[in-house]
Amino acid sequence: SIDIELKDFDAAQKSIDDLKKITGPAAATMHLQATLHARQGKFEAARDAIQQALRVAPEYLPSLALGAQVYLALNSLDQAESHAKRVLDAAPGSTLGYRLLGAVHVRRNSPEKALALVEPVLQRGAKDPAIWALAGEAALRSNEPRKAEKYFEQATKLDPKNPLSKTGLAI
């Protein structure tokens, strides 16, 4: 997984292949494979690896969350929603779960629903800049520019280098 973070994808694949020889299609191994594919933008392959991981360990939280992200990338919104809800069922306080489900609502052009979902998380002082940026996008789409500006400002404070937060703030 360090190789994935360093974007040394060839070394990461070799390590995963070596691991598969020892573990077979274990959930953690398939999760690593899915992570690598997702980082490479190979979302169909990532989906297939996630499905294998979840067959072995249906409630493996990291794979459920990655699955939601992969299905969002594939624009398979029903599957993304299902995985995001399973993340929230397993970890009710998960900021990531709320962000993923909120992203599904935004994609479905239901920004008000996204705001209703994520605003309580923001009020609890969420530290994830991505959920603040998502709220900003949902507020913009809901024609609430002042609220959007506040959310994008907070996202930028939490992650000043994030271009999405800065772009949202500029709008």
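## Salt bridges, core and helix packing

Arg 108 and Asp 78 are joined by a salt bridge whose closest N and O atoms are 2.4 Å apart (that is, a side-chain nitrogen of Lys or Arg within 4 Å of a carboxyl oxygen of Asp or Glu). This pair connects distant parts of the chain, 30 residues apart: Arg 108 sits in the loop between α7 and α8, and Asp 78 in helix α6. Helix numbers run from the N terminus, and each helix is a DSSP run of H or I with at least four residues.

A word on the model before we go on: it is predicted, so local features need pLDDT of at least 70 and side-chain atom pairs count only at pLDDT 80 or more, whereas totals for chains, interfaces and linings use all residues. Residues are numbered from 1 along each chain as its sequence is written, and side-chain values use heavy atoms, with hydrogens and water left out.

### More charged pairs

Side chains of opposite charge can pair when their charged atoms come close. How many salt bridges does a search of the whole structure find? It finds eleven, and two more of them deserve a look alongside the one above.

Glu 59 pairs with Arg 86, with 3.7 Å between the closest N and O atoms. Because Glu 59 is in the loop between α4 and α5 while Arg 86 belongs to helix α6, this salt bridge ties together parts that are 27 residues apart in sequence.

Arg 99 and Asp 128 also meet through their side chains, at 3.0 Å from N to O. Here the link runs between helix α7, home of Arg 99, and the loop between α8 and α9, where Asp 128 lies, 29 residues apart. Salt bridges with shared partners also build a network, whose members are Asp 78, Glu 81, Lys 85 and Arg 108.

How accessible are these charged residues? The table gives some of them, with buried meaning under 20% relative accessible area, exposed over 50%, and partly exposed in between (1.4 Å probe, protein chains only).

| Residue | Relative accessible area | Class |
|---|---|---|
| Glu 59 | 52% | exposed |
| Asp 78 | 60% | exposed |
| Arg 86 | 25% | partly exposed |
| Arg 99 | 21% | partly exposed |
| Arg 108 | 30% | partly exposed |

### The nonpolar core

In soluble globular proteins, nonpolar side chains tend to be buried together. In this model the largest nonpolar core has 44 residues; such a core is a set of buried Ala, Val, Leu, Ile, Met, Phe, Trp, Tyr and Cys residues joined through side-chain atoms within 4.5 Å. Which members touch the most others? They are Leu 72, Leu 122, Ile 131, Trp 132 and Tyr 151. At least two core residues come from each of α3 (27-39), α4 (43-56), α5 (61-73), α6 (77-90), α7 (95-107), α8 (111-123), α9 (129-141) and α10 (145-158).

Trp 132 is worth a closer visit. Beyond its neighbours within four places in sequence, Trp 132 is in contact with Leu 122, Ala 126, Tyr 151, Gln 154, Ala 155 and Leu 158, where contact means heavy atoms within 4.5 Å.

### How the helices pack

Two packed helices are described by the angle between their axes and the distance between the axes. Axes are lines fitted to C-alpha atoms, for helices over the stretch in contact, with angles from 0 to 180 degrees between N-to-C directions.

Helix α2 (residues 9-23) packs with α3 at about 160 degrees, their axes being 10 Å apart. The angle therefore makes α2 roughly antiparallel to α3, a class that needs over 145 degrees. Their crossing is left-handed, meaning that the near helix is turned anticlockwise from the far one by less than a right angle. Residues of α2 that take part include Phe 9, Ile 16 and Leu 19, while those of α3 include Met 30, Leu 32 and Leu 36.

For α8 and α9, the packing angle is about 145 degrees and the axes are 9 Å apart. This crossing, too, is left-handed. Among the α8 residues at the meeting are Leu 115, Val 118 and Val 121, and among those of α9 are Ile 131, Trp 132 and Leu 134.

### Three residues in their surroundings

Val 121, in helix α8, is buried at 4% relative accessible area. Its C-alpha atom is separated by 8.7 Å from that of Ile 131, ten residues apart along the chain. Apart from neighbours within four places in sequence, Val 121 contacts Thr 95, Tyr 98, Ala 126 and Ile 131.

His 105 belongs to helix α7. Is His 105 buried or exposed? It counts as buried, at 7% relative accessibility. Not counting residues up to four places away in sequence, His 105 touches Ser 110, Pro 111, Lys 113, Ala 114 and Leu 117.

Leu 74, finally, is placed in the loop between α5 and α6 and is partly exposed at 22% relative accessibility. With neighbours within four places in sequence set aside, Leu 74 is in contact with Phe 43, Glu 44 and Arg 47.

Methods. Angles under 35 degrees count as roughly parallel, over 145 as roughly antiparallel, 65 to 115 as roughly perpendicular and the rest as oblique.
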